[in-house]
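Good morning, and thank you for coming; I would like to take you slowly through one structure. Please have a look at it first, and then we will go through its parts together.

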Amino acid sequence: MSAVLDRPRLTVPVSARDHVRGPATAPVTLVEYGDFECPFCGAAHNSVNHVMQIIGDRMRFAYRHFPLTQIHPHAQQAAEAAEAAGTQDRFWEMHDLLFEHQDRLGMQYLLAYAAALRLDVERFALELDTHVHVPRIREDFSSGVRSGVNGTPTFFVNGIRHDGGYDLESLLTAVSAAL
Amino acid sequence: MTTTEYPTRALEPGTAAPGFDLRSTPDQSVSLADFGGRRLVMAFYPADWSPICTDQMSLYNEVLPEFKRYAAELVGISIDHAWCHVAFAQHRNLHFPLLADFHPKGEVAQRYGVYDDGTGMSKRALFVVDEGGTIRWSYVSPVGVNPGADGILIALESMAREKAA
């Protein structure tokens with residue numbers, strides 16, 4: 001069995017179900033499996049933003065959830081908050097807020113972020129209470145496990161796992177090489 | 001004194017899984033026989049607390065429900081003492097047993113052919129054992145590489161398919 005030996009590949013390609021920034025026609029697709037409470041993902045968030053500024057329309061970026069719930073007690077709820085914002089077309093705004101405030105992911109903060117983004121807070125809170133986004137987050141997690149995600153953050157460049165670092169230079173080099 | 005009675009490479013699929021009886025806590029033991037009739041994933045790893053082992057065990061902790069869906073149990077095995085395992089498992093909130101291959105040191109790893117004499121630790125190795133106690137998949141990862149869970153899940157999936165066929 002060579003599945004582990006080969007450079008792991010994304011088993012579920014980016015599609016309409018994904019949250020994507022950048023044009024669908026971009027030559028490079030960067031996919032991140034991340035956890036909003038993971039400090040390494042917080043660091044990677046800045047790198048990704050810089051890479052997107054530099055590469056511009058020649059890349060697109062998709063974010064999938066990989067919450068490590070047993071070590072990050074707020075990670076699952078934060079992922080649900082991003083999805084709940086997503087149903088009101090504010091996924092990326094919430095995604096950015098969560099990564100910019102990784103030490104403030106408790107429910108009262110999530111509700112404040114929802115209000116700041118002018119979401120329908122009642123609907124947002126109801127979706128968190130009833131955990132309607134859990135299956136979707138689980139789908140992301142499973143696709144990650146099947147694709148060789150072994151920790152967070154894990155990136156894929158055009159469907160192939162990026163095994164280098166996630167500092168600006170490493171990510172920029174990996175994305176540029178795929179252009 | 002020598003390890004010649006032990007396999008020099010990781011045991012291959014088709015081999016009967018060697019028995020073991022190891023402490024999971026200072027006053028509890030876990031043996032291979034405890035898993036009779038269940039599938040078992042055995043994850044040998046070098047050491048509690050080291051960064052890659054921590055990531056690997058944390059990942060398996062999250063994937064545990066998927067393993068259980070395939071009727072598989074999971075154990076981690078290293079040469080650390082049971083007290084060390086208890087602290088590590090509590091710190092990372094692990095929900096599966098960590099077994100102490102502590103005394104005689106690394107003996108179970110040696111029986112499975114995955115002891116590293118140079119470092120005095122186990123290699124980073126995975127075994128999937130079927131309901132009858134036969135190894136169905138094994139893999140030794142470079143020690144610095146977290147092997148993830150995809151190989152394990154593929155193995156469990158193919159075992160489930162065979163059983164259904």
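Before I place any residue, a word on naming: helices (H or I, at least four residues) and strands (E, at least two) are DSSP runs, numbered from the N terminus. With that in hand, Asp34(B) can be placed in the loop between strand 2 (28-31) and strand 3 (39-44) of chain B. Its side chain reaches the backbone nitrogen of Ser31(B) at 2.9 Å, while Asp34(B) and Asp21(B), 13 residues apart in sequence, are 9.3 Å apart in space, C-alpha to C-alpha.

I should say early that this is a predicted model, in which local features need pLDDT of at least 70 and side-chain atom pairs count only at pLDDT 80 or more, whereas totals for chains, interfaces and linings use all residues. Residues are numbered from 1 along each chain as its sequence is written, chains are lettered from A and ligands numbered from 1 in the order in which they are written, and side-chain values use heavy atoms, with hydrogens and water left out.

Now to the charged pairs. Side chains of opposite charge can pair when their charged atoms come close. Counting a salt bridge as a side-chain nitrogen of Lys or Arg within 4 Å of a carboxyl oxygen of Asp or Glu, the whole structure has 20 over all chains. One of them joins the side chains of Arg17(A) and Asp140(A), at 2.8 Å from N to O. This pair links distant parts of the chain, 123 residues apart, since Arg17(A) is in the segment before strand 1 (19-21) of chain A and Asp140(A) is in helix 6 (residues 134-146) of chain A.

How many salt bridges does the rule find across the interface of chain A and chain B? It finds one, and there the side chains of Glu157(B) and Arg146(A) meet at 2.9 Å, N to O. On the side of chain A that touches chain B there are eleven nonpolar, five polar and two charged residues, where Ala, Val, Leu, Ile, Met, Phe, Trp, Tyr, Cys and Pro count as nonpolar, Asp, Glu, Lys and Arg as charged, and the others, Gly among them, as polar. The contact (heavy atoms within 4.5 Å) takes 18 residues from chain A and 24 residues from chain B.

Terms used:
A polar contact is a pair of N or O atoms within 3.5 Å; within protein, one must be able to donate a hydrogen and the other to accept it, and residues adjacent in sequence count only if both atoms are side-chain atoms.
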